[in-house]
Each structure stands twice: as C-alpha cells, then as structure tokens.
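Biologist: Please take a close look at one part of this model, the sheet and how its strands pair. After that, go on to the spaces enclosed by the fold or open at its surface.

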Amino acid sequence: MYNPIRVYYNPTFIASCIDKLFEVPFWDEDSDGNVSKLNDDNRLIYLSHTLPSLGFGNLPLGNKLVPVQLSGNIAREVNHKDLRDFVIYLLNRVPNGNKILDRMTMQYSNFFDEKVLTSLRCVDKEPIKDTRSTAYRYYQNGVVKVSSNSDYVTLLSYDELDGLVWSDRVIDRVFDPGSVGKFDEDSFLDDITDKEGHHFHKWTQNLVKSQDHEKKWIFDRNRYKALASGFGYLLHQYWGDHKCVIFLDEDMTEGEANGRTGKSVVLNDALSHALKAEVIDAKTVSKKKVGGNQFLFNFLTPSTQYVCFDDACEDFDFTSLFSVITGPLQVNRKYGTMFQFSKNEKPKMSISSNHPILGEGSSYDDRQHLVSVGGYYRFHKMELGITPNKIHGGYLFDEEWGEENWMEFDLYCVRALKYYLDNGLVNKGVGEKYRLNKLNASVGSGALVSTLHRFLEANVGNETYSHYVDGMDDDEKDRCLRDFVEVHLNGETYTPAQITNGLHLVAKHFSYHINVGLRDRPQKRFGKDRKGVNLYVITDSKNPFKKPSISVDEPQFPVSDEVMGLFSNLV
C-alpha cells in the first residue's frame, strides 16, 4: 500500500506547511533572532491556527473523534507522537527553528502531550465510501471508479473528490485506465491458462480445475464464477451481501489437513496488495477457547478494509462471527481507544480452511459464500515436482514482478469488481463432494455416516427404534439403531447422542424423513416391564407420512388424510 511519507514528507507538502508557519507565527523573536518564552497567546495561535494549517484535525467517526492529518483530500490517522514528529521535522528546516523547539520542549506538555489532540478542530469532510452499485480503487495517479451502470471505468483526480481518502488505502502503483476498455464478461470468464501473461488471472483459474477420468485438468467455469464474484465482493467496500467468503479444499481427507492448494495466494498475498488488510490466525477462533477473544480485532484501524482468518482449525467457531458479519464491528484495542465500524462499512472478511466449516441451518448458510479450490498446484508440486514458480515463470507478488505484472493484476481487480457489481455473489462454488466431507466432519466419522445411510436405506417405510430392549422379536431387533451400528462398526465406540444426532444429519443430507407428522420423540414400549424406547419412522419424499403400525405412547398431532395427500404432492 501507499507509504504516507510520500504524501506528508514530500518536498512540495513540506514547503507549503513551512509557508503556513510564517503566515501567522506562533512564536515571538527580537531583531537578533532570540525567541522569547512562549506564553498563553502563543499557545493559542499554535492550537487554533498552526496545527489546523498543517492539516491536523479530528475526524468524527460514529461516536468517536479520530485525530488525522490531511494533505488535500488524503487523510492519515495520527497520534500525539506523529504530530510531535511532524512539527519537529518542520522546525528543523526553518531559521531559528531549533530555538523555537527549545522553548516548546521546556513546555512540552503544552505543545506535544496527548491532551493537545483534544483541541484539534473537527474536519468537515467525510471519507469517500463505496455504495451498493459503485466502488473506488485508489492509486498514485488518481481514483478508479467502477460502476454497475457503466461498461467503462473512470479515473478521477484526488482534487475532484468530495470527501477524504485514507492514505494507507492508496496503492503505491500507477493505474493505466487505457488498459481496461469495455468490460466483456465472457472474455473475463474464459479459460486463459494457455495464453501469455496475466499470471494472477491464470492462478485463480487453475484453482478451480479438477482432474477428469483421464487425469486431464479441466477448468470449471461455474466454480470460477463463485471465485471471481467472491474476490470482487471482498474488494468492494460495501456490505451489500452480509457474507464471509470461505475458500475450502475440494479434496479434503478425513482427519488430515493437506493444504498447499494456493488459497493463501488469493486471500492473503493478492488482497494484501489490493486492500489495507489484516491477517488473523484462525486457530485463535476455536470452540475450545471459552469466552472467545475480546481483542480478536486489536490491530484493526479505521482505514482497515479487509480481514483474513487464515488456516481455520477443525473446530473453527463460525458462530462467534455471526453478529460481526451481519451487524456493526466493535474494535477493542489493548492499547488504545475503542471504535466501531458501521454495519455496511466494516472490513470485508474471508476464511481459508483445509476443513469443513461446521454448522447447519440458514444462520450458517446465509452468512457464507463458499469457494471450492482444487488440487492443481498441490498435484504438480507433490506428484510431478513442478513448483508454482516454474508454472508461472517466477513467483507472484515478489520483488521480481515487473510493472506489466502489476498492471495486469490491477486490471484483474477492476474486472472482478465489475463482475461482482453486475452479478452479485454467484454461489456455485462447492459441490456434493464438499457437502459429504462436511457431513462426515459433523457426524464425526465417515464410517458412521456410511453405516447410518445403510440403516436408513434398509428401513424406509419401517418403524425403527433407538436400541434393543427385552420383549422385541428378531425382526424388531434388526431395526434397532444402536445395535445396527455396533454390529456394522465392531470395535468403534460412539455415544448414543452422537448416533442419534448423526441419524438426523444423514437423513437430511440424503433426503430421508424421520417421524413426519409425529411428535418429535415418540416412544414405543415392549415386554412385561413395558420398557420404552424412542421410535423412528423412516420415510422418503415419495411417502412422507408412513404411520406406525400401532399407536405410540405420545399423542400425535392430528393430520387429516386430505392434508397428508396435499403435502405428499408438494414434496
């Protein structure tokens, strides 16, 4: 990103600030150049005129005032040390400046202490914000405006803006607007991996390739739409969709974390060169950490645009992000004031993971945009000994990347933004393979999933029971869930709760129904002792209302034959 020294310590800005110092000096000196003691009137000029003329002020953000320094329409967040260092730098470049500093140092708290920040005047401009249909990208030579209602991008000068830009959001590169042309969605989505140049674009396309039965690597256009729209969504600084983008391995193996697929090049390296980013070790967001981490977002600043949770663990606690994704984001700093991002203007968020993100239901699904990443790079490195730098003729984003590589990368960012603004999030990023991996992880064992599936398949239309009790005949014994699992998974131990919960998860995944039209947990009793066991009536979509052969001990909700028939037709 941009180096603030280029803005605030460049000769042109320093010269203009020195001129402003002498317009209304805050010190007095005699004809011999002796600087007199600084009194209350001098301090008042320093606070009311000098500091504002040098660009220092307080920017209202929500219910907080953030000290900043402005250079035209570019702003940087400052503290009292930044203010002190800038004033010292200036005074060391004017006649008698050291004498003025000597006087100021003798009254240090009046000029350089933290309390000086409270007297800064409020800035009457606000930061430029993306909208639902428009996005801005900031470069050395101007601001790139991308809009959903135009096929072309616009390059604006900073002086044209009616608002502020954070200095650390300005990218330290020059953007060539002539490289964009009219946006062509088809050419953006087409496989270009056999063409010259555009190495980051080709990297993203290699991520969505899979091997066919002949071991050829085939580009998946639908999965690429999910990746490209997700990347554009992360670049867009407006939460039109309240989702977290999650990159997952397509080839997950139960109990292993393979990785090495190239996810981090997109979510970490690329976006760190495109946005003001922070990377958080996702292992700190674990269900084992009781109470969570109140300083999880400690390093965020008001100008942060993007947060990546890197390398999520098996028990990543996605629920801890629920309110952060859909609501405002409160930042608690260990050594600093708290502040809050609004609901639609907080940093975008992503997760990279070698494991499924556990959790079922709309609360999870509505907050996730899933992108499945294939094993193209892992296969070439581990099986063929061909590292990514050999595929691309060098390492992406390193010191050897030339001007043309960066131009092509910035062009890709603009096109991905345009694709997202035109299409929204295209959610075709994962297939049945991931959903099965997630089911295995949720249940706790692929073997248990397979066994429960066989149990459901063998007992469609039948009454089944949680476990065997005296009084059951042989046929009923064969339809006892726990006993079935024990026989087919001899030597493996699962708790009753794990088996029961697993049955419902597996049933939902494979479109079976349990106890449709019955109370949640009906029971049936057997033998002289009338021992009760939980009853499961298993049906499928063709016959969702199979009734038990005899009444159960808990009453059913009354369902008429007419309603049952209507429901069956709907299913």
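Modeller: In this predicted model, strand β10, residues 244-249, runs parallel to strand β15, residues 348-353, and four bridges join the two. One residue pair can be named here: Val-245 has Ser-350 in β15 as its bridge partner.

Helix α9, residues 221-235, packs on the sheet to which these strands belong. The helix touches β10, β12, β15 and β16, and its direction makes about 130° with that of β16.

The sheet as a whole is open and has five strands, in the order β11-β12-β15-β10-β16, with parallel pairing. At its edges stand β11 and β16 (368-373). Each of these has a single partner strand, so one side of each is left without a neighbour in the sheet. On average, neighbouring strands of this sheet are turned by 20° against each other, direction ignored.

From the edge strand β11 (277-281), a loop leads to β12 (306-312), and Phe-295 has its place in that loop. Is Phe-295 buried or exposed? It falls between the two: its relative accessibility is 27%, and therefore Phe-295 counts as partly exposed. Neighbours within four places in sequence left aside, Phe-295 is in contact with Asn-332, Arg-333 and Lys-334. As for distance along the chain and in space, Phe-295 and Ala-15 are 280 residues apart in sequence, and their C-alpha atoms are 41 Å apart.

Arg-333, one of the contacts of Phe-295, also belongs to the lining of the largest pocket. This pocket holds about 710 Å³ of space. Its lining comprises 25 residues, and those nearest the pocket centre are Pro-67, Glu-77, Arg-333, Gly-336 and Thr-337. Two elements, β2 (64-71) and α4 (80-91), give two or more residues to this lining. Strand β2 gives the most, with four residues. Sorted by class, the lining of the largest pocket has ten nonpolar, eight polar and seven charged residues.

Next come the enclosed spaces. The structure holds three cavities of 30 Å³ or more. In the largest cavity lies about 50 Å³ of space. Its lining consists of Val-146, Ser-150, Asp-151, Tyr-152, Val-153, Val-180, Phe-183, Val-414, Arg-415 and Lys-418. Helix α15, residues 403-423, gives the most to this lining, with three residues. By class, six residues lining the largest cavity are nonpolar, one is polar and three are charged.

The second largest cavity holds about 40 Å³ of space. It is lined by Phe-188, His-198, His-201, Glu-408, Leu-411, Tyr-412 and Arg-415. Here too α15 gives the largest share of the lining, in this case four residues. The lining of the second largest cavity has three nonpolar, two polar and two charged residues. Arg-415 appears in the lining of the largest cavity and again in that of the second largest.

Key:
Residues numbered from 1 in each chain as written. Predicted model: local features only at pLDDT ≥ 70, side-chain atom pairs only at ≥ 80, totals over all residues. Heavy atoms only, no water. Buried < 20%, exposed > 50% of the residue type's maximum accessible area, 1.4 Å probe, protein only. Contact = heavy atoms within 4.5 Å. Pairing = 2+ DSSP bridges. Axes fitted to C-alpha atoms, helices over the stretch in contact; angles between N-to-C directions. 1 Å grid on protein atoms, 1.4 Å probe; cavity = no way out; pocket = protein on both sides within 12 Å on 5 of 7 lines; lining within 4 Å. Points joined across faces, edges and corners; volume = space filled by probe spheres on them. Nonpolar A, V, L, I, M, F, W, Y, C, P; charged D, E, K, R; others polar.
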